[in-house]
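Here are my notes for you, written as numbered points. Keep the 3D view open and click along as you read.

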Amino acid sequence: MAPQPRVQFNNRTWITPSIPTPPQRRRTPLSDWDIVMFKSYTPLLLFYTNENKDPDFMNTDILTTSLASVLDDFYPLAGRLIDIGNGRDEIDNCDAGVLFQEAEYQGELEKFKENGYLPNQMDYHRLFPIHFYCDAQDPLLAVQITRFLDGGVALGIMMLHKIADMYSICFFMDAWSKKARGVDYAKASFKRDLVSFPVSTSVTDEALAHYREEHLVAREDTTHIVRMDPNQSKYSRTSPNGPMPLKSIILEFDADSLRQCKKDAHTPEMIANKNWVSTKDSLLAMLMRSIARSRKVMKDQPIKMIVSVNGRTKMKYNKEMDYYFGNWMISRSISITQTELEQTKLMNTALAVRQHIGNVKLELFHGISKLYSIHEDMTVNYLTYQPNSSVQSTASDVSMLPFWKQDFGFGCPDRTRGYITFGGNGCLIIFGRSDESSSESMYDVQLQLDADSMQRFIEDPDIQKYSTRILY
């Protein structure tokens with residue numbers, strides 16, 4: 001008899017709005033920033049420990065009833081994409097529903113908690129109800145609740161990137177969890193004119209350069225195509241002729257280690273002149289330098305890190321943007337060589353991070369928006385996928401989004417994780433986390449690298465110095 005899988009699915013249903021969406025809301029247009037985005041799902045995992053062994057923990061009826069109710073206001077999530085021509089899609093608010101799936105995991109969540117919920121120790125793949133968007137009938141949002149033997153729960157979320165960025169996902173999760181607790185929540189705005197560019201917008205050289213970079217047809221990087229790992233399983237996901245096996249780790253940073261990292265990113269002169277770099281800039285700079293040192297490349301080969309910037313932070317004068325649901329993020333690139341690493345310090349890189357990320361202006365967003373409007377056929381504006389490699393990594397900073405507060409009436413999640421296998425060699429996510437004993441910021445960094453680079457990264461002196469805990 002074949003062994004049973006660790007995850008067994010036992011229920012699958014479709015959740016529709018509790019009140020049918022009226023005809024006048026039949027269609028929801030997408031902004032140009034949505035249209036150029038990939039038709040791929042953004043994954044999110046929240047782990048809830050059941051310390052009191054409550055048999056009614058994360059009750060299914062409460063979750064599904066509150067989901068149906070919150071969809072009354074987030075009705076496009078229950079719809080489906082439709083092609084309206086010229087490379088454009090809209091959401092048909094047909095109430096086809098959100099996929100909701102239940103499963104059981106043959107293991108105890110507390111044991112996985114001890115090791116930081118590492119992806120290589122858990123079957124992450126089966127903690128989600130769907131992985132690829134393949135058909136117009138596929139859902140825009142899919143949810144899976146997986147129950148462990150000790151009563152703990154993993155809540156897996158997949159939302160289509162074409163309709164929402166990570167800020168929007170968190171906004172929806174906050175509304176859903178508050179509805180489950182019977183608390184008032186903020187309603188989303190789907191007004192696309194909020195991200196329209198002013199008539200007076202001019203396309204700057206910076207906007208043009210950014211547009212060209214995101215639409216660059218990149219040559220295939222073969223530097224990561226190397227020997228077969230002798231310890232690689234015959235049926236593992238990477239083939240002998242494909243990329244090296246990827247490894248994932250979790251880095252934990254507490255308040256003390258973050259303070260030390262920030263302190264080391266300042267010189268006495270900077271402090272005297274009040275020339276501050278933030279804790280986040282210091283952390284990103286340190287991680288960027290450590291990743292670059294771990295790569296086996298030529299000394300003068302630029303190694304790029306791509307970081308996303310939330311456009312809502314550039315429109316603080318417009319409070320309605322706090323509720324905007326859709327894509328409004330931009331990517332910024334920072335490069336460094338190993339030669340430059342030897343000649344500079346953490347402070348230099350932290351200042352570069354601040355310059356490239358913190359100084360992004362709203363005019364850049366508007367300039368790119370105007371470039372999107374030049375062509376009637378939007379397919380020419382679709383973003384070009386450039387896979388991570390030994391010379392490129394991506395950093396997704398979602399630490400300011402309060403995923404750790406998503407309480408459905410049974411307590412807040414212990415940890416948040418992403419499913420970054422699809423991100424390839426050099427995918428990094430920064431999550432915020434809470435601690436009842438402290439109100440200060442603490443972060444978990446989830447990172448994926450090829451096996452050789454990962455070993456060098458773990459041994460990097462800065463990683464050893466600043467990380468509170470390294471889990472791998």
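1. Start with strands β4 and β5. This is a predicted model, and in it β4 and strand β5 (residues 88-92) run antiparallel, joined by 5 bridges. For one rung of that ladder, click on isoleucine 82: its bridge partner in β5 is glutamate 90.

2. Now zoom out a little. What is the strand order in the open sheet of 3 strands? The order is β2-β5-β4, and the pairing is antiparallel. At the edges sit β2 (27-29) and β4 (80-85), each of which pairs on one side only. From one strand to the next, the twist averages 40°. If you're wondering what holds such things together, strands of a sheet pair through backbone hydrogen bonds, either parallel or antiparallel.

3. Next, have a look at strand β10 (residues 303-310). How many of its 8 residues are buried? The count is 7, so I'd call β10 mostly covered. β10 has 8 bridges to strand β11 (residues 329-336), and those two run antiparallel. With strand β12 (residues 392-397), β10 runs parallel, and 4 bridges join the pair. Lysine 304 is a handy spot to check both: its bridge partner in β11 is serine 335, and glutamine 392 in β12 stands opposite lysine 304.

4. Leucine 44 deserves a click too. You'll find leucine 44 in strand β3 (residues 41-48). Is leucine 44 buried or exposed? Its relative accessible area is 1%, so leucine 44 is buried. Setting aside neighbours within four places in sequence, leucine 44 is in contact with a list of residues that includes Phe128, Leu155, Ile169, Phe403 and Phe431. For a sense of scale, pick serine 290, which is 246 residues away along the chain: its C-alpha atom and that of leucine 44 are separated by 26 Å.

5. On to charges. Side chains of opposite charge can pair when their charged atoms come close. How many salt bridges does a search of the whole structure find? It finds 28. One of them joins the side chains of arginine 415 and glutamate 252, at 3.7 Å from N to O. This pair links distant parts of the chain, with arginine 415 in strand β13 (residues 415-417) and glutamate 252 in strand β9 (residues 246-253), 163 residues apart. Both arginine 415 and glutamate 252 are buried.

6. Lysine 280 and aspartate 397 make another salt bridge, with their closest N and O atoms 3.0 Å apart. Why does this pair tie together parts that are 117 residues apart in sequence? Because lysine 280 lies in helix α8 (residues 279-294), while aspartate 397 lies in strand β12. Lysine 280 counts as buried because its relative accessibility is 12%. Aspartate 397 is partly exposed, at 27% relative accessible area.

7. For a salt bridge with an exposed partner, try aspartate 322 and lysine 319, whose closest N and O atoms are 2.8 Å apart. Lysine 319 has a relative accessible area of 54%, so it is exposed. Aspartate 322, at 25%, is partly exposed.

8. One last thing to highlight in your viewer: a network of salt bridges. Its members are Glu51, Lys113, Glu252, Asp414, Arg415, Arg417, Arg433, Asp444 and Arg469. Among them are both residues of the buried pair from point 5, Arg415 and Glu252. Arg417 is in there as well, and Arg417 is also in contact with leucine 44.

Note on methods. Residues numbered from 1 in each chain as written. Predicted model: local features only at pLDDT ≥ 70, side-chain atom pairs only at ≥ 80, totals over all residues. Heavy atoms only, no water. Buried < 20%, exposed > 50% of the residue type's maximum accessible area, 1.4 Å probe, protein only. Contact = heavy atoms within 4.5 Å. Pairing = 2+ DSSP bridges. Axes fitted to C-alpha atoms, helices over the stretch in contact; angles between N-to-C directions. Salt bridge = Lys/Arg side-chain N within 4 Å of Asp/Glu carboxyl O.
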